[in-house]
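Glad to have you here. Shall we walk through a model together, one question at a time?

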Amino acid sequence: MTGTQAVLDHCLRHGLTFVAFHSRGRTHLWVQQVPDLARVGPAELAEDQDVFVIAPFHSADGMVHVLRPDRHLVLNAETATAALEGCMGRTGPAPVPPVEWTADGHAAAITAAQALMATQELRKVVLSRAMHVPFPLHGAPALFCEALTTRPGAFVCLLNSPRHGTWLGASPERLLTGDRNAVLIDSLAGTMPAAEAPANALQWGAKERDEQELVTRTITRTLNELGVGRVLQLPTQVKRACSVAHLYTAITGQLGAVALHQVMRALHPTPAVCGTPTRAAAAFIAAHEPHDRELYTGYWGPWNFNGLTQLFVNLRCMRLFPDEACLYVGGGITAGSDPAAEWAETGHKARTWLEPIEAVRGRITSPPR
(Lines give C-alpha, C1' and ligand atoms only; values in the text may rest on other atoms or scores of the structure.)
Protein backbone atom coordinates (compact mmCIF):
# COMPACT_ATOMS: atom_id res chain seq x y z
CA MET A 1 0.00 0.00 0.00
CA THR A 2 1.43 3.39 -1.02
CA GLY A 3 1.81 6.31 1.37
CA THR A 4 -1.18 8.01 -0.23
CA GLN A 5 -3.37 4.94 0.10
CA ALA A 6 -2.27 4.36 3.71
CA VAL A 7 -3.21 7.89 4.74
CA LEU A 8 -6.58 7.72 2.99
CA ASP A 9 -7.22 4.32 4.54
CA HIS A 10 -6.51 5.82 7.97
CA CYS A 11 -9.00 8.62 7.29
CA LEU A 12 -11.74 6.20 6.24
CA ARG A 13 -11.19 3.71 9.07
CA HIS A 14 -11.38 6.51 11.64
CA GLY A 15 -14.42 8.13 10.02
CA LEU A 16 -12.65 11.46 9.52
CA THR A 17 -14.27 14.28 7.59
CA PHE A 18 -11.91 14.82 4.66
CA VAL A 19 -11.55 15.46 0.97
CA ALA A 20 -8.72 14.39 -1.33
CA PHE A 21 -8.41 15.99 -4.75
CA HIS A 22 -5.87 16.81 -7.45
CA SER A 23 -5.21 20.46 -8.34
CA ARG A 24 -2.31 22.40 -9.83
CA GLY A 25 -0.14 19.34 -10.22
CA ARG A 26 -0.53 18.11 -6.64
CA THR A 27 -2.85 15.77 -4.77
CA HIS A 28 -4.22 17.47 -1.69
CA LEU A 29 -5.77 16.06 1.45
CA TRP A 30 -7.88 18.44 3.55
CA VAL A 31 -9.12 17.18 6.90
CA GLN A 32 -11.41 18.79 9.44
CA GLN A 33 -10.62 18.31 13.11
CA VAL A 34 -14.32 17.93 13.91
CA PRO A 35 -16.78 15.75 11.96
CA ASP A 36 -19.64 18.12 11.12
CA LEU A 37 -19.54 20.29 8.01
CA ALA A 38 -20.70 23.90 8.09
CA ARG A 39 -23.83 24.74 6.10
CA VAL A 40 -23.76 28.23 4.61
CA GLY A 41 -25.48 30.45 2.09
CA PRO A 42 -23.59 31.27 -1.12
CA ALA A 43 -23.02 34.89 -0.05
CA GLU A 44 -21.19 33.70 3.07
CA LEU A 45 -18.52 32.17 0.84
CA ALA A 46 -17.31 35.62 -0.18
CA GLU A 47 -15.13 35.89 2.92
CA ASP A 48 -13.98 32.25 2.93
CA GLN A 49 -10.58 31.06 1.78
CA ASP A 50 -9.20 27.56 1.34
CA VAL A 51 -12.52 25.78 1.87
CA PHE A 52 -14.07 22.95 -0.10
CA VAL A 53 -17.62 23.52 -1.34
CA ILE A 54 -20.06 20.58 -1.48
CA ALA A 55 -23.46 21.19 -3.07
CA PRO A 56 -26.20 18.66 -3.87
CA PHE A 57 -28.23 18.56 -7.06
CA HIS A 58 -31.27 19.99 -5.30
CA SER A 59 -31.18 22.61 -2.56
CA ALA A 60 -34.41 24.52 -2.08
CA ASP A 61 -32.71 27.36 -0.21
CA GLY A 62 -29.41 27.39 -2.13
CA MET A 63 -27.38 26.43 0.93
CA VAL A 64 -24.14 24.47 0.50
CA HIS A 65 -21.85 22.56 2.82
CA VAL A 66 -18.24 23.62 3.26
CA LEU A 67 -15.30 21.69 4.61
CA ARG A 68 -12.96 24.04 6.49
CA PRO A 69 -9.72 22.09 6.76
CA ASP A 70 -7.61 22.12 9.90
CA ARG A 71 -4.98 19.93 8.21
CA HIS A 72 -3.58 20.53 4.73
CA LEU A 73 -1.44 17.68 3.38
CA VAL A 74 0.12 17.08 -0.02
CA LEU A 75 -0.19 13.37 -0.69
CA ASN A 76 2.80 11.37 -1.90
CA ALA A 77 4.69 8.20 -1.10
CA GLU A 78 6.19 9.75 2.06
CA THR A 79 2.98 11.14 3.58
CA ALA A 80 2.38 9.83 7.10
CA THR A 81 -0.66 9.81 9.37
CA ALA A 82 1.05 11.60 12.27
CA ALA A 83 -0.21 14.98 11.02
CA LEU A 84 -3.79 13.81 11.55
CA GLU A 85 -3.50 13.33 15.32
CA GLY A 86 -6.30 15.13 17.12
CA CYS A 87 -8.79 14.86 14.24
CA MET A 88 -12.04 13.32 15.40
CA GLY A 89 -14.23 11.11 13.26
CA ARG A 90 -17.80 9.93 13.35
CA THR A 91 -19.84 7.67 11.14
CA GLY A 92 -23.26 8.74 9.97
CA PRO A 93 -26.47 6.70 9.98
CA ALA A 94 -26.42 3.42 8.09
CA PRO A 95 -26.84 4.35 4.42
CA VAL A 96 -29.56 2.83 2.24
CA PRO A 97 -28.46 2.17 -1.35
CA PRO A 98 -30.67 3.81 -3.99
CA VAL A 99 -33.16 1.97 -6.15
CA GLU A 100 -31.74 0.71 -9.43
CA TRP A 101 -33.83 1.64 -12.49
CA THR A 102 -34.70 -1.01 -15.07
CA ALA A 103 -34.33 -0.40 -18.79
CA ASP A 104 -38.12 -0.59 -19.15
CA GLY A 105 -38.68 1.96 -16.39
CA HIS A 106 -36.10 4.28 -17.94
CA ALA A 107 -37.76 3.92 -21.36
CA ALA A 108 -41.21 4.66 -19.90
CA ALA A 109 -39.90 7.88 -18.38
CA ILE A 110 -38.43 8.92 -21.73
CA THR A 111 -41.78 8.32 -23.41
CA ALA A 112 -43.51 10.45 -20.75
CA ALA A 113 -40.94 13.22 -21.21
CA GLN A 114 -41.38 13.23 -24.98
CA ALA A 115 -45.15 13.53 -24.55
CA LEU A 116 -44.55 16.77 -22.61
CA MET A 117 -42.10 17.94 -25.25
CA ALA A 118 -44.83 17.58 -27.87
CA THR A 119 -46.87 20.14 -25.90
CA GLN A 120 -43.87 22.49 -25.49
CA GLU A 121 -44.03 22.14 -21.68
CA LEU A 122 -40.58 20.58 -21.71
CA ARG A 123 -37.72 20.88 -24.16
CA LYS A 124 -35.04 18.73 -22.53
CA VAL A 125 -34.69 16.69 -19.36
CA VAL A 126 -31.67 14.83 -17.99
CA LEU A 127 -32.56 11.41 -16.61
CA SER A 128 -30.14 9.40 -14.49
CA ARG A 129 -29.85 5.89 -13.17
CA ALA A 130 -27.98 4.20 -10.32
CA MET A 131 -25.86 1.13 -11.05
CA HIS A 132 -24.85 -1.22 -8.22
CA VAL A 133 -21.42 -2.81 -8.58
CA PRO A 134 -19.81 -5.15 -6.01
CA PHE A 135 -16.82 -3.34 -4.51
CA PRO A 136 -15.61 -3.00 -0.90
CA LEU A 137 -15.51 0.39 0.78
CA HIS A 138 -11.96 -0.21 1.98
CA GLY A 139 -10.91 -0.33 -1.69
CA ALA A 140 -11.69 3.40 -2.14
CA PRO A 141 -8.07 4.60 -1.59
CA ALA A 142 -6.74 2.24 -4.27
CA LEU A 143 -9.54 3.25 -6.64
CA PHE A 144 -8.82 6.95 -6.06
CA CYS A 145 -5.14 6.41 -6.89
CA GLU A 146 -6.03 4.36 -9.97
CA ALA A 147 -8.24 7.19 -11.24
CA LEU A 148 -5.49 9.74 -10.69
CA THR A 149 -3.33 7.73 -13.07
CA THR A 150 -5.91 6.69 -15.66
CA ARG A 151 -8.19 9.76 -15.69
CA PRO A 152 -5.66 12.63 -15.87
CA GLY A 153 -8.06 15.03 -17.58
CA ALA A 154 -10.76 14.71 -14.92
CA PHE A 155 -11.24 16.29 -11.51
CA VAL A 156 -10.68 13.24 -9.30
CA CYS A 157 -12.07 13.66 -5.80
CA LEU A 158 -12.67 11.45 -2.74
CA LEU A 159 -14.95 12.83 -0.01
CA ASN A 160 -16.04 11.43 3.33
CA SER A 161 -18.28 12.97 5.98
CA PRO A 162 -20.98 11.73 8.37
CA ARG A 163 -23.46 13.91 6.48
CA HIS A 164 -22.78 12.57 2.97
CA GLY A 165 -21.02 9.23 3.41
CA THR A 166 -18.19 8.34 1.02
CA TRP A 167 -18.19 9.67 -2.55
CA LEU A 168 -15.68 9.31 -5.36
CA GLY A 169 -15.82 11.24 -8.62
CA ALA A 170 -13.88 11.89 -11.82
CA SER A 171 -15.67 14.81 -13.44
CA PRO A 172 -14.88 16.04 -16.96
CA GLU A 173 -16.93 19.24 -16.49
CA ARG A 174 -16.22 22.39 -14.54
CA LEU A 175 -19.12 24.50 -13.33
CA LEU A 176 -16.84 27.52 -13.12
CA THR A 177 -13.31 28.69 -12.53
CA GLY A 178 -12.86 32.07 -10.88
CA ASP A 179 -9.44 33.74 -10.99
CA ARG A 180 -9.40 37.35 -9.78
CA ASN A 181 -11.84 39.17 -12.09
CA ALA A 182 -12.10 36.44 -14.73
CA VAL A 183 -14.60 33.59 -14.87
CA LEU A 184 -14.45 30.50 -17.11
CA ILE A 185 -17.40 28.13 -17.55
CA ASP A 186 -17.79 24.83 -19.38
CA SER A 187 -20.71 24.09 -21.65
CA LEU A 188 -20.52 20.31 -22.01
CA ALA A 189 -23.33 18.30 -23.55
CA GLY A 190 -24.01 15.81 -26.29
CA THR A 191 -22.42 12.39 -25.96
CA MET A 192 -21.08 9.72 -28.31
CA PRO A 193 -18.89 6.66 -27.77
CA ALA A 194 -15.32 7.95 -28.06
CA ALA A 195 -14.45 5.43 -30.77
CA GLU A 196 -17.33 6.65 -32.97
CA ALA A 197 -17.18 10.42 -32.34
CA PRO A 198 -16.04 12.64 -35.22
CA ALA A 199 -13.10 14.89 -34.35
CA ASN A 200 -14.92 17.84 -35.96
CA ALA A 201 -17.83 19.13 -33.85
CA LEU A 202 -19.72 20.18 -37.00
CA GLN A 203 -19.91 16.53 -38.09
CA TRP A 204 -21.86 15.43 -35.02
CA GLY A 205 -25.56 14.63 -35.28
CA ALA A 206 -28.32 17.21 -34.99
CA LYS A 207 -29.56 15.82 -31.67
CA GLU A 208 -26.17 16.20 -29.97
CA ARG A 209 -25.44 19.62 -31.49
CA ASP A 210 -28.88 20.95 -30.51
CA GLU A 211 -28.45 19.63 -26.97
CA GLN A 212 -25.06 21.30 -26.59
CA GLU A 213 -26.16 24.59 -28.15
CA LEU A 214 -29.08 24.75 -25.74
CA VAL A 215 -26.69 24.55 -22.77
CA THR A 216 -24.37 27.16 -24.28
CA ARG A 217 -27.20 29.64 -24.95
CA THR A 218 -28.56 29.23 -21.42
CA ILE A 219 -25.15 29.87 -19.83
CA THR A 220 -24.39 32.95 -21.94
CA ARG A 221 -27.87 34.37 -21.33
CA THR A 222 -27.49 33.83 -17.58
CA LEU A 223 -24.12 35.62 -17.53
CA ASN A 224 -25.47 38.55 -19.52
CA GLU A 225 -28.51 38.88 -17.27
CA LEU A 226 -26.26 38.94 -14.19
CA GLY A 227 -24.19 41.75 -15.68
CA VAL A 228 -21.00 39.80 -16.30
CA GLY A 229 -18.92 41.76 -18.79
CA ARG A 230 -17.23 40.76 -22.04
CA VAL A 231 -18.93 37.37 -22.29
CA LEU A 232 -17.12 35.41 -24.99
CA GLN A 233 -18.10 32.03 -26.44
CA LEU A 234 -15.14 30.13 -27.89
CA PRO A 235 -15.50 27.72 -30.83
CA THR A 236 -17.08 24.38 -29.97
CA GLN A 237 -14.66 21.48 -29.71
CA VAL A 238 -14.82 17.74 -29.09
CA LYS A 239 -13.72 16.69 -25.61
CA ARG A 240 -12.89 13.06 -24.97
CA ALA A 241 -13.49 11.69 -21.49
CA CYS A 242 -12.51 8.03 -21.19
CA SER A 243 -14.95 5.89 -23.19
CA VAL A 244 -17.16 8.77 -24.33
CA ALA A 245 -16.77 12.11 -26.07
CA HIS A 246 -18.73 15.33 -25.62
CA LEU A 247 -19.24 18.62 -27.42
CA TYR A 248 -17.52 21.34 -25.42
CA THR A 249 -17.66 25.13 -25.53
CA ALA A 250 -15.61 27.33 -23.19
CA ILE A 251 -17.32 30.55 -22.12
CA THR A 252 -15.39 33.40 -20.49
CA GLY A 253 -16.33 36.70 -18.90
CA GLN A 254 -15.21 39.54 -16.61
CA LEU A 255 -16.92 39.63 -13.22
CA GLY A 256 -16.69 43.38 -12.58
CA ALA A 257 -19.20 44.13 -9.82
CA VAL A 258 -20.75 40.65 -9.99
CA ALA A 259 -19.74 38.36 -7.13
CA LEU A 260 -18.55 34.86 -7.97
CA HIS A 261 -21.09 33.30 -5.62
CA GLN A 262 -23.86 34.99 -7.66
CA VAL A 263 -22.60 33.28 -10.80
CA MET A 264 -22.41 29.96 -8.96
CA ARG A 265 -25.98 30.24 -7.72
CA ALA A 266 -27.39 31.40 -11.06
CA LEU A 267 -25.74 28.69 -13.14
CA HIS A 268 -26.79 25.65 -11.14
CA PRO A 269 -28.45 23.52 -12.34
CA THR A 270 -27.54 23.97 -15.98
CA PRO A 271 -29.52 22.26 -18.76
CA ALA A 272 -26.60 19.80 -18.99
CA VAL A 273 -27.60 18.17 -15.67
CA CYS A 274 -31.28 19.11 -15.30
CA GLY A 275 -32.94 20.24 -18.53
CA THR A 276 -35.02 23.15 -19.72
CA PRO A 277 -37.15 24.92 -18.72
CA THR A 278 -35.38 24.35 -15.42
CA ARG A 279 -38.45 24.17 -13.16
CA ALA A 280 -40.34 21.83 -15.44
CA ALA A 281 -37.30 19.56 -15.87
CA ALA A 282 -36.57 19.48 -12.12
CA ALA A 283 -40.20 18.61 -11.40
CA PHE A 284 -40.12 15.81 -13.97
CA ILE A 285 -36.93 14.39 -12.44
CA ALA A 286 -38.44 14.46 -8.95
CA ALA A 287 -41.56 12.69 -10.18
CA HIS A 288 -39.90 9.99 -12.29
CA GLU A 289 -36.39 9.11 -11.10
CA PRO A 290 -36.62 6.34 -8.48
CA HIS A 291 -33.64 7.61 -6.49
CA ASP A 292 -32.45 10.74 -4.71
CA ARG A 293 -29.47 12.11 -6.63
CA GLU A 294 -27.90 13.55 -3.45
CA LEU A 295 -24.47 14.86 -4.56
CA TYR A 296 -24.70 13.50 -8.11
CA THR A 297 -25.02 16.42 -10.58
CA GLY A 298 -24.41 18.85 -7.75
CA TYR A 299 -21.02 20.57 -7.65
CA TRP A 300 -17.90 20.53 -5.52
CA GLY A 301 -14.38 21.92 -5.45
CA PRO A 302 -11.89 24.23 -3.71
CA TRP A 303 -13.06 27.79 -3.09
CA ASN A 304 -10.51 30.62 -3.09
CA PHE A 305 -7.60 28.21 -2.78
CA ASN A 306 -4.55 30.49 -3.11
CA GLY A 307 -6.78 32.94 -4.97
CA LEU A 308 -8.30 30.42 -7.37
CA THR A 309 -11.78 28.88 -7.24
CA GLN A 310 -12.49 25.67 -9.17
CA LEU A 311 -15.95 24.16 -8.91
CA PHE A 312 -16.77 21.01 -10.86
CA VAL A 313 -20.11 19.44 -11.74
CA ASN A 314 -20.23 16.14 -9.88
CA LEU A 315 -20.52 13.79 -12.85
CA ARG A 316 -19.01 10.31 -13.32
CA CYS A 317 -19.31 9.70 -9.62
CA MET A 318 -20.31 7.03 -7.15
CA ARG A 319 -21.31 6.64 -3.55
CA LEU A 320 -19.52 3.82 -1.75
CA PHE A 321 -21.34 1.49 0.61
CA PRO A 322 -19.75 -1.26 2.75
CA ASP A 323 -19.84 -3.92 0.03
CA GLU A 324 -20.80 -2.12 -3.17
CA ALA A 325 -20.35 1.01 -5.20
CA CYS A 326 -23.37 2.83 -6.55
CA LEU A 327 -22.47 4.52 -9.85
CA TYR A 328 -24.62 7.41 -11.08
CA VAL A 329 -24.91 7.97 -14.83
CA GLY A 330 -27.38 9.93 -16.94
CA GLY A 331 -28.12 11.50 -20.27
CA GLY A 332 -30.00 14.34 -21.89
CA ILE A 333 -33.43 13.42 -23.26
CA THR A 334 -34.90 15.41 -26.14
CA ALA A 335 -37.72 14.90 -28.62
CA GLY A 336 -35.27 13.04 -30.86
CA SER A 337 -34.04 10.59 -28.20
CA ASP A 338 -34.19 6.84 -28.75
CA PRO A 339 -34.70 4.98 -25.42
CA ALA A 340 -32.41 2.09 -26.33
CA ALA A 341 -29.63 4.46 -27.41
CA GLU A 342 -30.02 6.55 -24.25
CA TRP A 343 -29.77 3.44 -22.07
CA ALA A 344 -26.65 2.35 -23.97
CA GLU A 345 -25.15 5.83 -23.47
CA THR A 346 -25.39 5.49 -19.70
CA GLY A 347 -23.53 2.19 -20.00
CA HIS A 348 -20.72 3.87 -21.94
CA LYS A 349 -20.45 6.58 -19.28
CA ALA A 350 -20.32 3.98 -16.51
CA ARG A 351 -17.09 2.63 -18.01
CA THR A 352 -15.33 5.67 -16.53
CA TRP A 353 -15.45 3.74 -13.24
CA LEU A 354 -16.15 0.15 -14.28
CA GLU A 355 -12.71 -0.11 -15.89
CA PRO A 356 -10.75 1.20 -12.85
CA ILE A 357 -12.89 -0.95 -10.53
CA GLU A 358 -11.99 -4.03 -12.55
CA ALA A 359 -8.31 -3.01 -12.57
CA VAL A 360 -8.03 -2.70 -8.78
CA ARG A 361 -10.49 -5.39 -7.70
CA GLY A 362 -7.83 -8.08 -7.91
CA ARG A 363 -5.55 -6.07 -5.63
CA ILE A 364 -8.20 -5.68 -2.92
CA THR A 365 -8.22 -8.46 -0.35
CA SER A 366 -9.45 -8.20 3.24
CA PRO A 367 -9.86 -4.92 5.13
CA PRO A 368 -6.61 -3.74 6.74
CA ARG A 369 -6.43 -3.84 10.53
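What follows is a set of questions and answers about this predicted model.

Q: Is strand 14 largely enclosed or largely open, and how many of its residues are buried?
A: Strand 14 covers residues 244-254, eleven residues in all. A residue is called buried when its relative accessible area is under 20%. The strand is largely enclosed by the rest of the structure, because the number of its residues that are buried is nine.

Q: How many bridges join strand 11 to strand 14, and which residue of strand 14 stands opposite A189?
A: Strand 11, residues 182-193, runs antiparallel to strand 14, and eleven bridges join them. Within strand 14, the residue opposite A189 is L247.

Q: Which residue of strand 14 is the bridge partner of V238, and how many bridges join strand 13 to strand 14?
A: In strand 14, V238 has L247 as its bridge partner. Strand 13 spans residues 237-241 and runs antiparallel to strand 14, and the number of bridges joining them is five.

Q: Which residue of strand 14 stands opposite Q233?
A: Strand 12, residues 229-233, also pairs with strand 14 in the antiparallel sense, over three bridges. Opposite Q233 in strand 14 stands I251.

Q: Which residue takes a positive phi in the hairpin of strand 13 and strand 14?
A: This hairpin has two residues between its strands. The positive phi there is near 65°, and the residue that takes it is C242.

Q: Why does C242 form no disulfide, and which cysteine has the closest sulfur?
A: A disulfide needs two cysteine sulfur atoms within 2.5 Å. The closest cysteine sulfur to that of C242 is 15 Å away, too far for a bond, and it belongs to C317.

Q: Is C326 buried or exposed, and how far is its sulfur from the closest cysteine sulfur?
A: C326 has a relative accessible area of 0%, so it is buried. By contrast, C242 is partly exposed at 33%. The structure holds zero disulfides. For C326 the closest cysteine sulfur is in C317, too far for a bond at 8.8 Å.

Q: Where on helix 6 do its buried residues fall, and within what arc?
A: Helix 6 covers residues 278-288, and its buried residues are A281, F284 and I285. Seen down the helix axis, they line one face of helix 6, because they fall within an arc of 100°.

Q: Which elements do the buried residues of helix 6 pack against?
A: On the other side of helix 6, R279, A286 and A287 are exposed. The buried residues of helix 6 pack against helix 2 (103-118), strand 7 (124-134) and strand 15 (275-276).

Q: Which residue's side chain makes a polar contact of 3.4 Å with that of R174?
A: R174 is found in strand 10, residues 174-179. Leaving out residues up to four places away in sequence, it touches L184, D186, Y248, L311, F312 and V313. The polar contact of 3.4 Å joins the side chain of R174 to that of Y248.

Q: Is E345 buried or exposed, and which residues does it touch?
A: E345 lies in helix 7, residues 339-361. Its relative accessible area is 12%, so it counts as buried. Not counting residues up to four places away in sequence, E345 touches T191, G330 and G331.

Q: How far apart in space are A46 and N304, C-alpha to C-alpha?
A: A46 sits in the loop between strand 3 (38-40) and strand 4 (51-55), and it counts as partly exposed at 47% relative accessibility. A46 and N304 are 258 residues apart in sequence, while their C-alpha atoms are separated in space by 8.9 Å.

Q: How are the rings of F21 and W30 arranged?
A: A search of the whole structure finds nine aromatic pairs. In the pair of F21 and W30, the ring centres are 5.0 Å apart and the planes are at 90°, so the arrangement is edge-to-face. F21 is buried at 0% relative accessible area, and W30 is also buried at 0%.

Q: What angle do the ring planes of F52 and W300 make?
A: The ring centres of F52 and W300 are 6.4 Å apart, and the pair is edge-to-face because the planes stand at 65°. This pair links distant parts of the chain, F52 in strand 4 and W300 in strand 16 (residues 299-303), 248 residues apart. Both residues, F52 and W300, are buried. The angle asked for is 65°.

Q: Which residues form one aromatic cluster?
A: The two pairs just discussed, F21 with W30 and F52 with W300, have their residues in this cluster. Its full list is F21, W30, F52, F155, W300, F305 and F312.

Definitions and conventions:
Residues numbered from 1 in each chain as written. Predicted model: local features only at pLDDT ≥ 70, side-chain atom pairs only at ≥ 80, totals over all residues. Heavy atoms only, no water. Buried < 20%, exposed > 50% of the residue type's maximum accessible area, 1.4 Å probe, protein only. Helix = DSSP H or I, 4+ residues; strand = E, 2+ residues; numbered from the N terminus. Pairing = 2+ DSSP bridges. Arc of directions from axis to C-beta. Contact = heavy atoms within 4.5 Å. Polar contact = N/O pair within 3.5 Å; in protein donor to acceptor, adjacent residues only side chain to side chain. Phe/Tyr/Trp six-rings, centres within 6.5 Å; stacked < 30°, edge-to-face > 60°.
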